[in-house]
Number of protein chains: 2
Amino acid sequence: MVTDSERSDPTRESSVLLRGLAILGCFDSPMPVITASAIVKQTGLPPATVHRILTILIEGGAVERVSRGSYRLGLKMWRLGSSVPQARVLRDVALPFLEDLYETTHEVVHLAVRDGLETLYIEKISGRGAVSVTSRVGRRLPLHATGPGKVLLAYGPRDVFDQLVARGLPALTPQTITDPDAIRRSIAEIRRSGYALSREESSVGTASVAAPIFGSLREIIASVSVVVPASTFNPWTLAPVVRAVALGISRGMGAPSR
Amino acid sequence: MVTDSERSDPTRESSVLLRGLAILGCFDSPMPVITASAIVKQTGLPPATVHRILTILIEGGAVERVSRGSYRLGLKMWRLGSSVPQARVLRDVALPFLEDLYETTHEVVHLAVRDGLETLYIEKISGRGAVSVTSRVGRRLPLHATGPGKVLLAYGPRDVFDQLVARGLPALTPQTITDPDAIRRSIAEIRRSGYALSREESSVGTASVAAPIFGSLREIIASVSVVVPASTFNPWTLAPVVRAVALGISRGMGAPSR
């Protein structure tokens, strides 16, 4: 038997695993199926390495070959993703409340968390009559440019705000707030009112109301929002129901009542 | 520069990557946080190897350390999971229809696909008033023991049925069909009627109606179902709406009308 110490070569092990994760990371893309040459381009790894690692990932069930040279992730990765507790526990607690919110508004409902400096959408509920938005579960947008993102910024760690400003505030639409002082004022207003308004800041033609979801230490863990056509936007009717739902989910996540 | 051919050692590479995937696979569990010792137990790998690989997986963002000796998957894995096209495309197409089904029934709605010999639940919609079921997104149950599973069996490849029978048909409740001939008859009836009924076959106290979702080649790709309390089960009112929704999703997935 070969013992573990005979086998181990930490540097080499690390490089192989990180390459494998880098190749898997290429599938975090709007394209469902990608080619080996796209992976070569994105990772900068030699084609022979990419092919060799893809073969192993297929053997391990992480990747599937769709046709010659085209690959997609396997259901194994979906199962792993659905096990991620930061998303799963929150989703399980939030879903009935999101259903209620959808039923009372019949508008697009989003649940989002912070992923670094981005808003990450982890749930979306919409009927066929709701406003058309380009959001999809798994999509990421900069924190400053979305309603839920501004909420996550307003209640999040100060250094996240500083990092975001240092990275720059790109405009997604002509209405996106790109001035650091304006974002600072927007955040102060959100902390005062308890909710965020966004009018065509992330996409032209839509507006949203977002409210914070807190955890057991009163830390911010997520944001719930409703997206409506900008033309019929009435925040004074939407804000109370979005806030009520956010409070309900917060209670479900163990946030103390005050 | 070290060239790729100087670096490569296919056997070694394969073993490291497959160990990494095996460790990630341990997180496909109902427990959100697991310990290194549980991973050692489940994989049979030496503790030093498990710790070394965990450290690399943390560096790559796949795993997070929760506390000393406890780990969970990172949001990166959630993003990858949400990119898996087999689940994502189907989910995006199906969700508005599932919402409609929930609104018209106010019962638990499931979307499931076949994962080997199991029913894998990839979407669940339920309000706070619906029947309490233990299902969760990501859960797997044997094909023969659930309504959606019987649908996936009825329209799936013949060898899946043979493999399932060869593996054995365990009972989840006293009503689970465990006799191969009875399952064969049940499948014939499903193909005749276009839907599956299940009365307390997967859990005591609940019943369901499930219907097939087809793709562009008329191949079965998923099953949609509604779960209700067994005491008030009325398949004759539920079956038409479940079938109509399954046909709508099938059309959205490109299935030919006939």
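Colleague: What makes the span of helix H9 (residues 180–193) of chain B agree with its 14 residues?

Modeller: Bear in mind that this is a predicted model. The expected span is 1.5 Å times one less than the number of residues. For the 14 residues of H9(B) that should give 20 Å, and the end C-alpha atoms are 20 Å apart, so the two values agree.

Colleague: How do you know that the buried residues of H9(B) are on the same side?

Modeller: The buried ones are Ala182(B), Ile183(B), Ser186(B), Ile187(B), Ile190(B) and Ser193(B). They cover an arc of only 140° around the axis, which puts them on the same side of H9(B).

Colleague: What do the buried residues of H9(B) pack against, and what does the face turned away from them carry?

Modeller: The buried residues pack against H7, helix H8 (158–167), strand E7 (196–199) and helix H10 (235–252), which belong to chain B. The face turned away carries the exposed residues Arg185(B), Arg191(B) and Arg192(B). Exposed here stands for over 50% relative accessible area.

Colleague: And what comes just after H9(B)?

Modeller: Gly194(B), with a positive phi of about 90°.

Colleague: Let's turn to rings. Why is the pair of Tyr155(A) and Phe214(A) called edge-to-face?

Modeller: Two things count. Ring centres must lie within 6.5 Å to pair, and planes over 60 degrees apart make the pair edge-to-face. Here the centres are 5.3 Å apart and the planes are at 85°, so Tyr155(A) and Phe214(A) fit that name. This is one of two aromatic pairs over all chains.

Colleague: Which parts of chain A does that pair link?

Modeller: Distant ones: Tyr155(A) is in helix H7 (residues 147–155) and Phe214(A) is in strand E8 (residues 206–214), 59 residues apart. Both Tyr155(A) and Phe214(A) are buried, too.

Colleague: What about Tyr155(B) and Phe214(B)?

Modeller: They form an edge-to-face pair as well, with 5.3 Å centre to centre and 85° between the planes. Tyr155(B) lies in H7 of chain B and Phe214(B) in E8 of chain B, so this pair ties together parts 59 residues apart in sequence.

Colleague: Why does Phe214(B) count as buried?

Modeller: Buried means under 20% relative accessible area. Phe214(B) has 11%, so it passes.

Colleague: How do you know that a charge sits over the ring of Phe214(A)?

Modeller: The distance cut-off is 6 Å from the ring centre, and the charge must also be within 35 degrees of the ring normal. The charged end of Arg218(A) sits over the ring of Phe214(A), 5.0 Å from its centre. In chain B, Arg218(B) lies over the face of Phe214(B), also at 5.0 Å from the ring centre.

Colleague: What makes the relation between chain A and chain B a two-fold axis?

Modeller: A rotation of 180° with 0.0 Å of shift along its axis superposes chain A on chain B, with an RMSD of 0.1 Å. That is the relation of a two-fold axis. In chain A, the C-alpha nearest that axis belongs to Gly81(A), 2.1 Å away from it.

Colleague: How do you know that the copies meet through the same surface?

Modeller: Of the interface residues of chain A, 100% are also interface residues in chain B, so the surface is the same.

Colleague: Which residues of chain A does Met77(B) touch?

Modeller: Leaving aside neighbours within four places in sequence, Met77(B) is in contact with Met77(A), Leu80(A), Gly81(A) and Val84(A). In its own chain, the contacts are Leu24(B) and Ala62(B).

Colleague: Is Met77(B) buried or exposed?

Modeller: Buried: its relative accessible area is 0%, and the limit is under 20%. Met77(B) lies in helix H5 (residues 75–83) of chain B.

Colleague: Why is H5(B) called largely enclosed by the rest of the structure?

Modeller: Eight of its nine residues are buried, so the description fits H5(B). Among them are Leu75(B), Trp78(B), Arg79(B) and Leu80(B).

Colleague: One more residue. Why is Leu17(B) called buried?

Modeller: Its relative accessible area is 3%, and that is under the 20% cut-off. Leu17(B) has its place in helix H2 (residues 10–25) of chain B. Setting aside neighbours within four places in sequence, its contacts are Val16(A), Leu17(A), Gly20(A), Ile53(A), Ile56(A) and Leu57(A).

Colleague: And how many helices and strands does chain A have?

Modeller: Chain A has 10 helices and nine strands. Of its 258 residues, 56% count as buried.

Conventions
Residues are numbered from 1 along each chain as its sequence is written. Chains are lettered from A and ligands numbered from 1 in the order in which they are written. This is a predicted model: local features need pLDDT of at least 70, side-chain atom pairs count only at pLDDT 80 or more; totals for chains, interfaces and linings use all residues. Side-chain values use heavy atoms; hydrogens and water are left out. Rings of Phe, Tyr and Trp (its six-membered ring) pair if their centres lie within 6.5 Å; planes under 30 degrees apart count as stacked, over 60 as edge-to-face and the rest as tilted. Helices (H or I, at least four residues) and strands (E, at least two) are DSSP runs, numbered from the N terminus. Buried means under 20% relative accessible area, exposed over 50%, partly exposed in between (1.4 Å probe, protein chains only). Contact means heavy atoms within 4.5 Å. Copies are superposed by least squares on the C-alpha atoms of residues with pLDDT of at least 70 in both. The arc is that of the directions from the helix axis to the C-beta atoms.
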